[in-house]
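Me: I am new to this structure and would be grateful for a close look at a single part of it. Please choose one helix, set it in the context of the chain, and describe what surrounds it.

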Amino acid sequence: MRDAPQAEGAFAALVVIPVYDHEQAIAAVVDGVRAAGLPCLLVDDGSHPACAQVLRALAQQADVDLLRLEQNQGKGGAMLAGFAEAARRGYSHVVQIDADGQHDTGDLPRFVALSQAQPQAVICGVPVYDESVPKARLYGRYLTHVWVWINTLSLHLRDSMCGFRVYPLPPVLRLAAEETIGRRMDFDSEILVRLFWRQLPVFHLPTRVTYPSDGVSHFDVWRDNLRISRMHARLFFGMVWRSPRLLWRRLQGAR
């Protein structure tokens, strides 16, 4: 994989894909990333041998690299490892996309273009679902939406669970060094709320989502819903003491 441009302040985006046993779908995702002309880091989150072998083969391609975590860390743990590796390589931004094929890699140029125009902001996907979305998952997301609106005292964050987004690395690395962030399915919502609390701008892009091309989901209904509930509770108490600042931002019309 090529390292990032060395010019100070240059925009350089690396696509980071956390992968855990998605050997049937990941090749098509990588093909889409390469078609967009972007370098790609696969973070193997302790996958079993069949997937690990596929990832090693994919990493032989130009502009595709592999970071192997021997023990499964969860999606958040894999992304945090990917952030650190991207920073080590000199990238300024990380594009996060899921490994199961649910995100439209054809939208990558749109996400990168908006990030180039707004380099200090998080660019967050807003899902446009087709008929493949499980209704329980679709309706269940609204509970998290409501809690996120409560915990930010704002309706600005339109979908905190979509894993297709672009992060500016410096504020993300500062947050990761200073706060404990959920390392599993609670990661996407928690990091977005905490970045919003730090007044990082968030821009949204609608993007097509299908569920999923390989039929594999690692969402554990009981454990992950419990983690997410605990995360919302932590954020609620964090919101309470931040509420004067959050309300002042609303009065000032800030994002």
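**Helix α7 and its surroundings**

Reply: V64 is found in strand β3, which covers residues 64-69. The model shown here is predicted. V64 counts as buried because its relative accessibility is 2%, and the cut-off for a buried residue is under 20%. V64 also has a partner distant in sequence: V30 is 34 residues away along the chain, yet the two C-alpha atoms are 8.1 Å apart in space.

The chain as a whole provides the background. Its secondary structure comes to 8 helices and 7 strands, and 52% of its 255 residues count as buried. Among contacts between residues at least 6 apart in sequence, 80% join residues at least 24 apart.

The part chosen for the close look is helix α7, residues 187-197. How many residues of α7 are buried? The helix is mostly covered, with 11 of its 11 residues buried. The buried residues include the charged residues D188, E190 and R194 as well as F187, I191, L192 and W197.

Two helices that meet α7 can be described in turn. The first to be considered is α6, residues 169-178, whose axis comes within 11 Å of that of α7 and crosses it at roughly 105°. That angle makes α6 roughly perpendicular to α7, because angles of 65 to 115 degrees are classed in this way. From α6, the residues P171, V172 and L175 take part in the contact, and they meet I191, R194 and L195 of α7. By class, this contact has 5 nonpolar residues, no polar residues and 1 charged residue.

The other helix is α3, residues 74-88, which packs against α7 at an angle of about 55°, with the axes 9 Å apart. The two helices are therefore oblique to each other. On the α3 side the contact is formed by K75, G76, M79, L80 and F83, and on the α7 side by F187, D188 and I191. Its residues divide into 5 nonpolar, 1 polar and 2 charged. I191 thus takes part in the contact with α6 and also in the contact with α3.

At the other end of the account stands the residue Q199, which follows α7 and has a positive phi, near 70°. Q199 also leads to a further feature, an enclosed space within the protein. Rolling a probe the size of a water molecule over the atoms shows where empty space is left. The structure holds 1 cavity of 30 Å³ or more, and about 50 Å³ of space lies in the largest cavity. Which residues line the largest cavity? They are W197, Q199, R242, R245, L246 and R249, and W197 is also one of the buried residues of α7. By class, the lining has 2 nonpolar residues, 1 polar residue and 3 charged residues.

The largest share of this lining, 4 residues, comes from helix α8. That helix spans residues 221-252 and contains S229. Is S229 buried or partly exposed? S229 is partly exposed, because its relative accessible area is 46%, and the class in question lies between the 20% and 50% limits. S229 and D186 are 43 residues apart in sequence, whereas their C-alpha atoms are 8.8 Å apart in space.

Conventions
Residues are numbered from 1 along each chain as its sequence is written. This is a predicted model: local features need pLDDT of at least 70, side-chain atom pairs count only at pLDDT 80 or more; totals for chains, interfaces and linings use all residues. Side-chain values use heavy atoms; hydrogens and water are left out. Buried means under 20% relative accessible area, exposed over 50%, partly exposed in between (1.4 Å probe, protein chains only). On a 1 Å grid over the protein atoms alone, a cavity is a set of points where a 1.4 Å probe fits but cannot get out, and a pocket is an open set with protein on both sides within 12 Å along at least five of seven lines; lining residues have an atom within 4 Å of a point. Grid points are joined across faces, edges and corners, and a volume is the space filled by probe spheres set on the points. Axes are lines fitted to C-alpha atoms, for helices over the stretch in contact, and angles run from 0 to 180 degrees between N-to-C directions. Angles under 35 degrees count as roughly parallel, over 145 as roughly antiparallel, 65 to 115 as roughly perpendicular and the rest as oblique. Contact means heavy atoms within 4.5 Å.
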